[in-house]
Every structure is written in structure tokens, then in C-alpha cells.
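Biologist: I have a structure open and want to learn to read it. Where do we begin?

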Amino acid sequence: MMLVLEAYFKNYPARRKVAEFLFENGLSVKNGKIYLRDVEVPISELARIIGVNRKIVYHTIDYIEKTYPLKLIFEKLNPLPSLIDVAPLMGWEVLEIELDKGRYLKGFSDVLELLHENNVPVMEVFSRNLREEPTKLYIVIDGTLPVEVFVRVKDMEGFKKLILHTPEKDKEKLVCNYCEVKYCPKRALIERLSATR
């Protein structure tokens with residue numbers, strides 16, 4: 001998609017900035033307006049957040065609607081809801097795995113096979129393999145990841161880095177040079193408050 005934006009917006013850097021923001025956030029362009037699903041987004045607020053003036057946003061909308069390939073793409077955009085940010089608050093864990101671009105499919109397949117073999121309940125899988133960005137795989141699991149699975153993920157073909165988002169602080173001891181554990185401080189605070197009552 002970024003190649004499409006580069007091709008159509010190469011002479012319009014400010015408009016490209018707007019188009020990239022719309023694409024990354026799943027905001028659609030229809031009938032001269034910008035929408036988040038069926039809710040119209042105020043142009044002035046959007047311009048403020050992106051860091052451009054309103055005129056640039058209006059020019060971008062006009063350009064998208066007059067350019068048929070862009071119109072086809074931008075009128076169908078929608079945000080994708082995800083459990084990634086709320087998972088640790090719910091007591092679930094998120095595996096954020098960075099993979100080699102050349103071994104993306106193999107790595108993706110191997111990780112899911114490993115989770116299946118170990119009966120790890122997967123709730124959501126989200127992945128990005130865009131040319132300009134690191135290749136990432138996000139997997140939300142119900143419960144906590146067994147330590148032996150954590151260790152085996154790090155040894156997989158195509159593995160580059162693992163970040164485990166967890167509600168449990170004690171998982172920090174699993175960290176190596178390629179891994180990172182981010183525990184949920186809100187979850188820890190909630191548990192501490194519950195224990196004192």
C-alpha cells in the first residue's frame with residue numbers, strides 16, 4: 001500500500017502524510033468527508049492531529065475522490081478492532097514476534113503449530129508484513145504462555161525478537177538479548193488493591 005501512496009502522492013508530501021494517516025487508522029473517504037466506520041470525523045480535528053492545515057486535508061480528500069484507484073481503496077477502509085492493548089488487563093498475554101521478511105510464512109506457520117502442539121488457547125492473531133516496516137506477528141492467548149513454549153519460540157527459524165506483554169511481573173526473568181517482557185502495571189495495581197481489601 002505504501003508503494004501505491006508513494007506513486008500517487010510523490011509530488012504532494014503533505015497530502016501523502018494525510019493519506020498515510022487515514023490508511024494506518026482505517027479512516028475512509030466518501031462523499032467529500034472522512035469517516036470512522038459510519039461516524040464523520042471533523043476535518044479541523046484531523047488536521048490538528050496530523051499537523052497540517054485543513055486546506056491540505058480537503059485537497060487530499062478531493063484528490064483521492066478524483067483518482068479512481070485511490071477512491072476504490074479509501075472508500076473501503078475500516079479500522080480493525082484488536083484485543084492487543086487490553087489483553088494484559090484481562091489476564092491474557094500477547095506475543096509480539098518480529099520475523100525475518102524472507103522467512104515470514106515459515107515463521108508464522110511454525111509459531112501457530114507450536115502453540116497448537118502445546119494446547120495454548122489462541123484468541124486473536126494479527127500480522128503485518130509490509131515492505132517498509134518490520135514484519136510482526138501478534139498473538140493474543142487466553143491465560144499465560146508456558147515457559148517451555150517461550151523458550152522454543154526464540155529458537156525458531158526466522159525469529160528476530162519477541163516481546164511478551166503479560167499481567168505477570170515475574171516473567172521478566174525469562175528475558176534474553178532478543179526478548180523483552182512488558183508486564184501490565186495497571187493489572188498489578190488492580191491486584192494489589194484487591195488484595196488489601
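Biologist: Which residue in β3 is the bridge partner of Tyr35?

Modeller: Keep in mind that this is a predicted model. The bridge partner of Tyr35 is Glu40. Tyr35 belongs to the β2 side of the pairing, for strand β2 covers residues 33-36. Two bridges join β2 to β3, and the strands run antiparallel.

Biologist: What holds paired strands together in general?

Modeller: Strands of a sheet pair through backbone hydrogen bonds, in a parallel or an antiparallel way.

Biologist: In what order do the three strands of the open sheet lie?

Modeller: The order is β1-β2-β3, with antiparallel pairing. β1 (28-30) and β3 (39-40) stand at the edges. Each has a single partner strand, so one side of each is left without a neighbour in the sheet.

Biologist: Glu40 carries a charge. With which side chain does Glu40 meet in a salt bridge?

Modeller: With Lys33, at 3.8 Å from N to O. The cut-off for a salt bridge is 4 Å, so this pair counts.

Biologist: Are Glu40 and Lys33 buried, exposed or in between?

Modeller: Use relative accessible area. Under 20% is buried, over 50% is exposed, and partly exposed is in between. Glu40 has 43% relative accessibility, so it counts as partly exposed. Lys33 has 34%, so it is partly exposed too.

Biologist: How many salt bridges are there by this rule?

Modeller: The count comes to ten. Take Lys136 and Glu96 as one of them: their closest N and O atoms are 2.9 Å apart. Lys136 lies in strand β6 and Glu96 in strand β4, so the pair ties together parts that are 40 residues apart in sequence. Glu96 is buried, with a relative accessible area of 11%.

Biologist: And where do Asp110 and Lys106 lie?

Modeller: Both lie in helix α6, residues 104-117. They are four residues apart, about one turn of the helix. Their salt bridge has its closest N and O atoms 3.1 Å apart. Asp110 is buried at 19% relative accessible area, whereas Lys106 is partly exposed at 42%.

Biologist: Back to strands. How many bridges pair β4 with β6?

Modeller: Seven, in the antiparallel sense. Strand β4 covers residues 93-99. Look for Ile97: its bridge partner in β6 is Leu137.

Biologist: Which residue in β6 does Phe126 stand opposite?

Modeller: Tyr138. β5 and β6 pair over six bridges, again in the antiparallel sense. A hairpin of six residues joins β5 to β6.

Biologist: Is strand β6 mostly covered or mostly open?

Modeller: Mostly covered. β6 spans residues 135-141, and six of its seven residues are buried.

Biologist: How do side chains point along a strand?

Modeller: In a regular strand they alternate between the two faces of the sheet.

Biologist: Now Glu124. Which strand does Glu124 lie in?

Modeller: Strand β5, residues 122-128. Glu124 is buried yet has no salt bridge. The nearest side chain of opposite charge is Arg37, 10 Å away. A salt bridge needs 4 Å, so Arg37 does not qualify.

Biologist: What does the side chain of Glu124 reach instead?

Modeller: Look for polar contacts. One of 2.9 Å joins the side chains of Glu124 and Ser82. The Glu124 side chain also reaches the backbone nitrogen of Leu83 at 3.0 Å.

Biologist: Which residues beyond its sequence neighbours is Glu124 in contact with?

Modeller: Leave aside those within four places in sequence. Then Glu124 is in contact with Pro81, Ser82, Leu83 and Ile84, and also with Tyr138, Ile139 and Val140.

Definitions and conventions:
Residues are numbered from 1 along each chain as its sequence is written. This is a predicted model: local features need pLDDT of at least 70, side-chain atom pairs count only at pLDDT 80 or more; totals for chains, interfaces and linings use all residues. Side-chain values use heavy atoms; hydrogens and water are left out. Two strands pair if DSSP finds at least two bridges between them. Buried means under 20% relative accessible area, exposed over 50%, partly exposed in between (1.4 Å probe, protein chains only). Lys and Arg count as positive and Asp and Glu as negative; His and the chain ends are not counted. A polar contact is a pair of N or O atoms within 3.5 Å; within protein, one must be able to donate a hydrogen and the other to accept it, and residues adjacent in sequence count only if both atoms are side-chain atoms. Contact means heavy atoms within 4.5 Å.
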